[in-house]
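Visitor: I have a structure open on my screen and would like to learn how to read it. Could you walk me through it, feature by feature?

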Amino acid sequence: MAHDGQNETPAKITPLKNGPVKVEGALQICGPDGAVLEAKDVVFLCRCGASKNKPYCDGSHKPMGFEA
Ligand code: FES
């Protein structure tokens, strides 16, 4: 899958029960200056706030008992 910033296909966003948000598509993870840090086809984004590797889920939602 191309990661050239030209793909207009919407990302598929799926909140996982008691866990992260799964995002699928031609994704670009950008820093605050807009620079592309990573290009991926799928990422799991933290929504509990406890990850030590934000914006990604690192599994910290499990021991803290995150529910959503
Ligand atoms: S959702 Fe997994 S660490 Fe936050």
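**Reading the model step by step**

Guide: Let us begin with a cysteine: cysteine 30 counts as partly exposed, because its relative accessibility is 42%. Please keep in mind that this is a predicted model.

Visitor: And cysteine 48, is that one buried or exposed?

Guide: Cysteine 48 counts as buried, because its relative accessibility of 19% falls under the 20% cut-off.

Visitor: With cysteines in view, how many disulfides are there?

Guide: A disulfide is a covalent bond between the sulfur atoms of two cysteines. To find one, look for cysteine sulfur atoms within 2.5 Å. In this model the count comes to zero.

Visitor: Let us turn to the sheet. What is the order of its strands?

Guide: Strands of a sheet pair through backbone hydrogen bonds, either parallel or antiparallel. Here three strands form an open sheet in the order β1-β2-β3, and the pairing is antiparallel. β1 (12–15) and β3 stand at the edges with a single partner strand each, so each has one side without a neighbour in the sheet. On average, neighbouring strands are turned by 25 degrees against each other, direction ignored.

Visitor: How many bridges hold β1 and β2 together?

Guide: Four bridges, in the antiparallel sense. You can trace the pairing residue by residue: lysine 12 has glutamate 24 in β2 as its bridge partner, and isoleucine 13 stands opposite valine 23. The hairpin of these two strands has five residues between them, and asparagine 18 there takes a positive phi near 55 degrees.

Visitor: And how many bridges join β2 to β3?

Guide: Eight bridges join β2 to β3 (residues 36–45), and the two run antiparallel. Glutamine 28 has alanine 39 in β3 as its bridge partner, while isoleucine 29 is partnered with glutamate 38. This hairpin also has five residues between its strands, with glycine 34 at a positive phi near 90 degrees.

Visitor: Which residues make up the largest nonpolar core?

Guide: For a core, look for buried nonpolar residues joined through their side chains. The largest one here has six residues: Val21, Val23, Leu27, Ile29, Val43 and Tyr56. Four of them come from strand β2 (residues 21–30), the largest share.

Visitor: What does valine 43 touch?

Guide: Setting aside residues up to four places away in sequence, valine 43 touches Val21, Lys22, Val23, Leu27, Ile29 and Tyr56. Lys22 on that list brings us to charged pairs.

Visitor: Then how many salt bridges does the whole structure have?

Guide: A search finds two. In one, lysine 22 pairs with glutamate 24, and the closest N and O atoms are 3.9 Å apart. That distance counts because the cut-off is 4 Å. Both residues are partly exposed: lysine 22 has a relative accessible area of 26%, and glutamate 24 stands at 25%.

Visitor: Which residues form a salt bridge at 3.6 Å?

Guide: Glutamate 38 and lysine 40, with 3.6 Å between the closest N and O atoms. Glutamate 38 counts as partly exposed at 29% relative accessibility, and lysine 40 does too, at 31%. Glutamate 38 is also the residue you met as the bridge partner of isoleucine 29.

Visitor: Where is aspartate 41 placed?

Guide: Aspartate 41 is in strand β3. With a relative accessible area of 39%, aspartate 41 is partly exposed. Try comparing sequence with space here: aspartate 41 and alanine 11 are 30 residues apart along the chain, and their C-alpha atoms are separated by 9.5 Å.

Visitor: One last stop, histidine 61. Where is this residue found, and is its side buried or exposed?

Guide: Histidine 61 is found in helix α1 (residues 61–64). Histidine 61 counts as buried because its relative accessibility is 10%, under the 20% cut-off. Leaving aside neighbours within four places in sequence, histidine 61 is in contact with Asn18, Gly19, Pro20, Cys48 and Phe66. Two of these should be familiar: Asn18, with its positive phi in the hairpin of β1 and β2, and Cys48, which is buried.

Conventions
Residues are numbered from 1 along each chain as its sequence is written. This is a predicted model: local features need pLDDT of at least 70, side-chain atom pairs count only at pLDDT 80 or more; totals for chains, interfaces and linings use all residues. Side-chain values use heavy atoms; hydrogens and water are left out. A nonpolar core is a set of buried Ala, Val, Leu, Ile, Met, Phe, Trp, Tyr and Cys residues joined through side-chain atoms within 4.5 Å. Buried means under 20% relative accessible area, exposed over 50%, partly exposed in between (1.4 Å probe, protein chains only). Contact means heavy atoms within 4.5 Å. Two strands pair if DSSP finds at least two bridges between them. A salt bridge is a side-chain nitrogen of Lys or Arg within 4 Å of a carboxyl oxygen of Asp or Glu. Axes are lines fitted to C-alpha atoms, for helices over the stretch in contact, and angles run from 0 to 180 degrees between N-to-C directions.
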